[in-house]
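Subject: Structure for you to look over

Dear colleague,

I am handing over the structure below, and after it I set out what was found. Please read the notes with the coordinates open beside you.

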Amino acid sequence: MKIEDEIKGRFRNEYHKGLINLTYTAKQLSYEFYQSLKKHGLTEQQYNVLRILRGFRSDAPLSIGFIKERMLDKDSDVSRIVDRLFEKGLVSRKENPADRRQKSVEITAQGLELLDKMYSCEMKADTLLSNLTIEEVNILNQLLDKIREKKK
């Protein structure tokens, strides 16, 4: 369905339409993915932190700053997210003896088990763009990268 029909609106120009279309589509896909995460009691940001910790776990415990640099949502309060994951037993955290403000964070066995159980969420994420061919997905990725290049 065209964006005009979807939101029943009009646009100043094609650039405005493109931006609204991109925002609307991203929010729609994010909502669909969030629904699958909700079944496991996680937010997108918590899931993102767990994935980062799993991906870098062989490198040693990670700092809050390291995690924040890799977050999809740059406005996330990583310290609070880590606190919530700690309360759930999904991560461990240790204060740096040299600087108590610094914390080292690691994913726990329980956190790894949860991510393993959530494999269906990852598969669901893969299907969100399944109406595109691989060539179209490659073009989409190139265009999105190009949009971010202009921003810098």
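A polar atom of the H16 side chain lies 3.2 Å from the backbone nitrogen of R12, in what is a predicted model rather than an experimental one. H16 is found in helix α2, and H16 counts as buried because its relative accessibility is 17%, where the cut-off for that class is under 20%. Leaving out residues up to four places away in sequence, H16 touches R10 and F11.

A second side chain of this kind is that of T108, which has a polar atom 2.7 Å from the backbone oxygen of G89. T108 belongs to the loop between β3 (99–107) and α6 (109–117), and with a relative accessible area of 19% it is buried. When residues up to four places away in sequence are not counted, the residues that T108 touches are G89, L90, V91 and S92.

I107 is found in strand β3 and has a relative accessible area of 12%, so this residue too is classed as buried. Apart from its neighbours within four places in sequence, I107 is in contact with L50, L53, R54, R57, L90, V91, L112 and L115, and L90 and V91 also appear among the residues that T108 touches. By way of a long distance in the model, the C-alpha atoms of I107 and D5 are separated by 44 Å, with their positions 102 residues apart along the chain.

As for the chain as a whole, it has 8 helices and 3 strands, and from the N terminus on these elements follow the order α-α-α-β-α-α-β-β-α-α-α. The C-alpha trace spans about 55 × 35 × 30 Å along its principal axes, and the radius of gyration is 19 Å, whereas a compact globule of 152 residues would have one near 15 Å. Of the 152 residues, 24% count as buried. Among contacts between residues at least 6 apart in sequence, 45% join residues at least 24 apart.

Turning to the pockets, which residues are the closest to the centre of the largest pocket? The volume of the largest pocket is about 2000 Å³, and of the 36 residues that line it, the closest to its centre are L22, T25, A26, L29 and L144. At least two lining residues come from each of α2 (14–38), α3 (44–55), α7 (119–127) and α8 (134–151), and α2 supplies the largest share, 11 residues. Sorted by class, the lining of the largest pocket has 18 nonpolar residues, together with 9 polar and 9 charged ones.

L22, one of the residues closest to the centre of the largest pocket, has its place in helix α2 and counts as partly exposed, because its relative accessibility is 36%. With residues up to four places away in sequence left out, L22 touches L144 and I147. L22 and L144 are 122 residues apart along the chain, yet their C-alpha atoms are separated by 9.7 Å.

The second largest pocket holds about 160 Å³ of space, and its lining consists of M1, K2, I3, E6, N21, Y24, T25 and Q28. Both α1 (3–7) and α2 supply at least two residues of this lining, with α2 giving the most, 4 residues. By class, the lining of the second largest pocket has 3 nonpolar, 3 polar and 2 charged residues. T25 is therefore a residue to look at in both places, because it lines the second largest pocket and is also among the residues closest to the centre of the largest one.

One backbone angle remains to be mentioned, that of K8, whose phi is near 50°, a positive value in a residue other than glycine. Most residues other than glycine have a negative phi. K8 is found in the loop between α1 and α2, and with a relative accessible area of 73% it is classed as exposed.

With best wishes

Terms used
Residues numbered from 1 in each chain as written. Predicted model: local features only at pLDDT ≥ 70, side-chain atom pairs only at ≥ 80, totals over all residues. Heavy atoms only, no water. 1 Å grid on protein atoms, 1.4 Å probe; cavity = no way out; pocket = protein on both sides within 12 Å on 5 of 7 lines; lining within 4 Å. Points joined across faces, edges and corners; volume = space filled by probe spheres on them. Nonpolar A, V, L, I, M, F, W, Y, C, P; charged D, E, K, R; others polar. Buried < 20%, exposed > 50% of the residue type's maximum accessible area, 1.4 Å probe, protein only. Polar contact = N/O pair within 3.5 Å; in protein donor to acceptor, adjacent residues only side chain to side chain. Contact = heavy atoms within 4.5 Å. Rg over C-alpha atoms; globule rule 2.2 N^0.38 Å.
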